[in-house]
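Subject: Structure for your review

Dear colleague,

Please find below the structure that I am handing over to you, together with its sequence. My notes on what was found in it follow.

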Amino acid sequence: MEQKNSGISVFQRYLTIWVALCMVVGVLIGRFLPQIPEFLNQFEYAGISIPMAILIWFMIYPMMMKVDFQSIRNVGKNPKGLFVTWVVNWLIKPFSMYGIASLFFLGVFKAFITPDLATEYLAGAVLLGAAPCTAMVFVWSTLTKGNPAYTVVQVATNDLIILVAFVPIVKFLLGVSNVQVPMNTLFLSVVMFVVIPLILGILTRVIVSKSKGTEYFENTFIHKFDGITTIGLLLTLILIFSFQGSVILENPLHILLIAVPLVLQTFIIFAVAYIACKVLRLSHDIAAPAGMIGASNFFELAVAVAVALFGTSSPAALATTVGVLTEVPVMLLLCRTANRTKGWFDNEKA
């Protein structure tokens, strides 16, 4: 995405506002033009909405092009930061998300949420927790003056782990939640929204870099897709909210209730990763991105899988979308926190 001097584009900086506007537009469409979502809902395969799949490809494919997997060869030079990323993202975050979301949806908010809604909100939270961030990490890393080469390695290895860890973790946690998940739909979702865009992104990077050079690819070619990514995200959110219109209008308080455990989880995971890096005596330019990649979510994947498993009008899809609504302001706050605590790491070396 095109970045200003601050390291974040206008769209990224005000993402929460755009999401809120999409919510309003989507709800209005669902309320006054229900024919539109009803028509689009007819096109699906194996439980996956074809219009949604197309829009999500628009979002994910450009992000996958940004990941340079050749950087993985540098993993052995300083693995401690990667170990923090892997452990926090895959051994702590999904399970802590399940625990925190269960506490609130099934306990604290029991008087406000029916058991069925609580279960689906929990499912949406699980999908977010099992999908650590991929693309926006580069933005958070820039804002905290992170080591760009190391951040690339963190993201690249994380994407590879998603291929093998996402399905079994989601299947296990949703099974614990008594949510029946068709394995074929779950695997198909990962293939469609991770494997295919990942392969296309790698091929595009290799072909264009060989023909025009790496500098052209990084500075010119990849930015040609910025508008497509933005449009895909906004249209996806409008479509989701058009199906969620009745739920939102009948339960507006639920947006806030869903946001509470998601935000709490974000702060906790950032603290765990950030403090672990301090304990391991890692430098700030590695510690800050390590905290950010765990705290933020690959919400595009979470939304896609929620729609595929539960449908565009499901509470689970709504829960993942609330994750988009809360992520940017919370992550910007964490970026400021990381910058203000840089002195903690002044004596550390990568």
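**Findings from the model**

In this chain, residues 24 or more positions apart account for 85% of the contacts with a separation of 6 or more. Please keep in mind that the model is predicted. The mean pLDDT of the chain is 81, and 86% of the residues reach 70 or more. Some caution is due at the beginning of the chain: pLDDT stays under 50 over residues 1-6, for which the model has 16 contacts beyond four places in sequence.

The secondary structure comprises 15 helices and two strands. The chain has 350 residues, and 57% of them are buried.

**The nonpolar cores**

The largest nonpolar core holds 75 residues, of which Phe 105, Phe 166 and Leu 301 touch the most other members. Phe 105 is worth selecting in your viewer. Beyond its neighbours within four places in sequence, Phe 105 is in contact with Lys 110, Ile 113, Ala 118, Tyr 121, Leu 122, Ala 125, Leu 257, Ile 258 and Pro 261. Apart from the largest core lies another one of 28 residues, including Val 88, Val 139, Ala 287 and Ala 338.

**The cavities**

A search of the whole structure gives five cavities of 30 Å³ or more. The largest cavity contains about 70 Å³ of space. Which residues line the largest cavity? They are Leu 128, Leu 262, Val 263, Thr 266, Ala 295, Asn 297, Gly 323, Thr 326, Glu 327, Val 330 and Met 331. By class, this lining has six nonpolar, four polar and one charged residues. Helix H12 (253-279) and helix H15 (315-340) each supply at least two residues of the lining. H15 gives the most, with five residues.

**Two buried residues in helices**

Val 328 also lies in helix H15. Is Val 328 buried or exposed? Val 328 counts as buried because its relative accessibility is 2%, which is under the cut-off of 20%. Val 328 and Tyr 14 are 314 residues apart in sequence, yet their C-alpha atoms are 7.9 Å apart in space.

Asn 158 is found in helix H8 (residues 148-176). Its relative accessibility is 0%, so Asn 158 counts as buried. Leaving aside neighbours within four places in sequence, Asn 158 is in contact with Asn 89, Trp 90, Pro 132, Cys 133 and Ile 293.

**Two residues with positive phi**

Most residues other than glycine have a negative phi. Lys 145 has a positive phi, near 55 degrees, and is not a glycine. Lys 145 is placed in the loop between helix H7 (137-143) and H8. Why does Lys 145 count as exposed? Lys 145 is exposed because its relative accessible area is 62%, and the cut-off for exposed is over 50%.

Arg 281, likewise not a glycine, has a positive phi of about 60 degrees. The place of Arg 281 is in the loop between H12 and helix H13 (284-295). Helix H12 was named above as a contributor to the lining of the largest cavity, and you may wish to view that helix together with the loop.

Yours sincerely

Notes
Residues numbered from 1 in each chain as written. Predicted model: local features only at pLDDT ≥ 70, side-chain atom pairs only at ≥ 80, totals over all residues. Heavy atoms only, no water. 1 Å grid on protein atoms, 1.4 Å probe; cavity = no way out; pocket = protein on both sides within 12 Å on 5 of 7 lines; lining within 4 Å. Points joined across faces, edges and corners; volume = space filled by probe spheres on them. Helix = DSSP H or I, 4+ residues; strand = E, 2+ residues; numbered from the N terminus. Nonpolar A, V, L, I, M, F, W, Y, C, P; charged D, E, K, R; others polar. pLDDT = per-residue confidence, 0-100. Contact = heavy atoms within 4.5 Å. Core = buried A, V, L, I, M, F, W, Y, C linked by side-chain atoms within 4.5 Å. Buried < 20%, exposed > 50% of the residue type's maximum accessible area, 1.4 Å probe, protein only.
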